[in-house]
Amino acid sequence: MTTQMSTAMTIQQMTTQVYNAMDCKGVVRIDYMLDGDGLYINEINIIPGSLAFYLWKACGLDFPKLIEKMVEDALRAHADKNSSVFAY
């Protein structure tokens with residue numbers, strides 16, 4: 001495995017961990033900085049300026065399927081939020 005492939009896999013793993021740890025919903029963009037062997041999270045952008053839908057094709061999602069998945073995820077998150085009970 002090349003260093004570039006290893007770095008890409010590390011970024012994918014870190015992105016998944018950060019997304020889950022921050023309880024992100026929908027599409028986010030996580031920016032990284034690479035300094036020698038150090039990989040650092042620069043920012044989490046919860047309102048990216050572009051969906052960059054063309055990047056999802058490698059995962060087998062074309063634009064209509066991506067939008068469909070985003071709507072399904074949003075509806076599920078909304079239902080989860082509404083089913084939560086809070087007592088104060």
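**Close-up 1. Ile30 and the residues it touches.** In this predicted model, Ile30 is in contact with Thr15, Val18, Tyr19, Ile41, Glu43 and Ile44. That list leaves out residues up to four places away in sequence, so what you get here is a look at Ile30's partners from further along the chain. Val18 and Ile30 turn up again in the next view, where both belong to the largest nonpolar core.

**Close-up 2. The largest nonpolar core.** Which residues make up the largest nonpolar core? There are six of them: Val18, Cys24, Val28, Ile30, Tyr32 and Leu39. To find the group in the structure, you could start from Ile30, a core member that touches Val18, another core member.

**Close-up 3. Two salt bridges around the core residues' stretch of sequence.** Lys25 pairs up with Asp23 in a salt bridge, and their closest N and O atoms are 2.7 Å apart. Are these two partners buried or exposed? Asp23 counts as exposed because its relative accessible area is 52%, and the cut-off for exposed is over 50%. Lys25 has 49% relative accessibility, so it counts as partly exposed. Now look at Arg29 and Asp31, whose side chains also meet in a salt bridge, this time with 2.8 Å from N to O. Arg29 is partly exposed, with a relative accessible area of 34%. Asp31 is buried, because its relative accessible area is 18% and buried means under 20%. So this pair joins a partly exposed residue to a buried one.

**Close-up 4. A charged network in helix α2.** Here the side chains of Arg76 and Asp73 meet in a salt bridge, with 2.6 Å from N to O. Why are they about one helical turn apart? Because Arg76 and Asp73 sit three residues apart in helix α2. Lys69 comes into the picture too: salt bridges with shared partners link Lys69, Asp73 and Arg76 into one network. As for how much of each residue shows, Arg76 is partly exposed at 46% relative accessible area, and Asp73 is partly exposed as well, at 28%. Across the whole model, the count of salt bridges comes to five.

**Close-up 5. A nonpolar patch on the surface.** Which residues make this patch? Phe53, Tyr54, Leu55, Trp56, Phe63, Ile67, Val71 and Leu75 do, and together they form a nonpolar surface patch of about 770 Å². Let's pick out Phe63, one of the patch residues. Phe63 lies in helix α2, which runs over residues 63–83. With a relative accessible area of 36%, Phe63 is partly exposed.

**Close-up 6. Stepping back to the whole chain.** Once you've seen the details, zoom out. The chain has two helices and two strands, and along the sequence they follow the pattern α-β-β-α. The C-alpha trace spans about 50 × 35 × 25 Å along its principal axes. How does the radius of gyration compare with that of a compact globule of 88 residues? Such a globule would have a value near 12 Å, but this chain has 16 Å. Of the 88 residues, 16% count as buried. Among contacts with a separation of 6 or more, 17% come from residues 24 or more positions apart. Finally, the accessible surface of the chain is about 7,300 Å², and 59% of it belongs to carbon and sulfur atoms.

How values were computed:
Residues numbered from 1 in each chain as written. Predicted model: local features only at pLDDT ≥ 70, side-chain atom pairs only at ≥ 80, totals over all residues. Heavy atoms only, no water. Patch = residues over 30% accessible without salt bridge, like charges linked within 9 Å, V, L, I, M, F, W, Y side chains within 5 Å. Areas by Shrake-Rupley, 256 points an atom, 1.4 Å probe, with all protein chains shown as cover. Salt bridge = Lys/Arg side-chain N within 4 Å of Asp/Glu carboxyl O. Helix = DSSP H or I, 4+ residues; strand = E, 2+ residues; numbered from the N terminus. Buried < 20%, exposed > 50% of the residue type's maximum accessible area, 1.4 Å probe, protein only. Core = buried A, V, L, I, M, F, W, Y, C linked by side-chain atoms within 4.5 Å. Contact = heavy atoms within 4.5 Å. Rg over C-alpha atoms; globule rule 2.2 N^0.38 Å.
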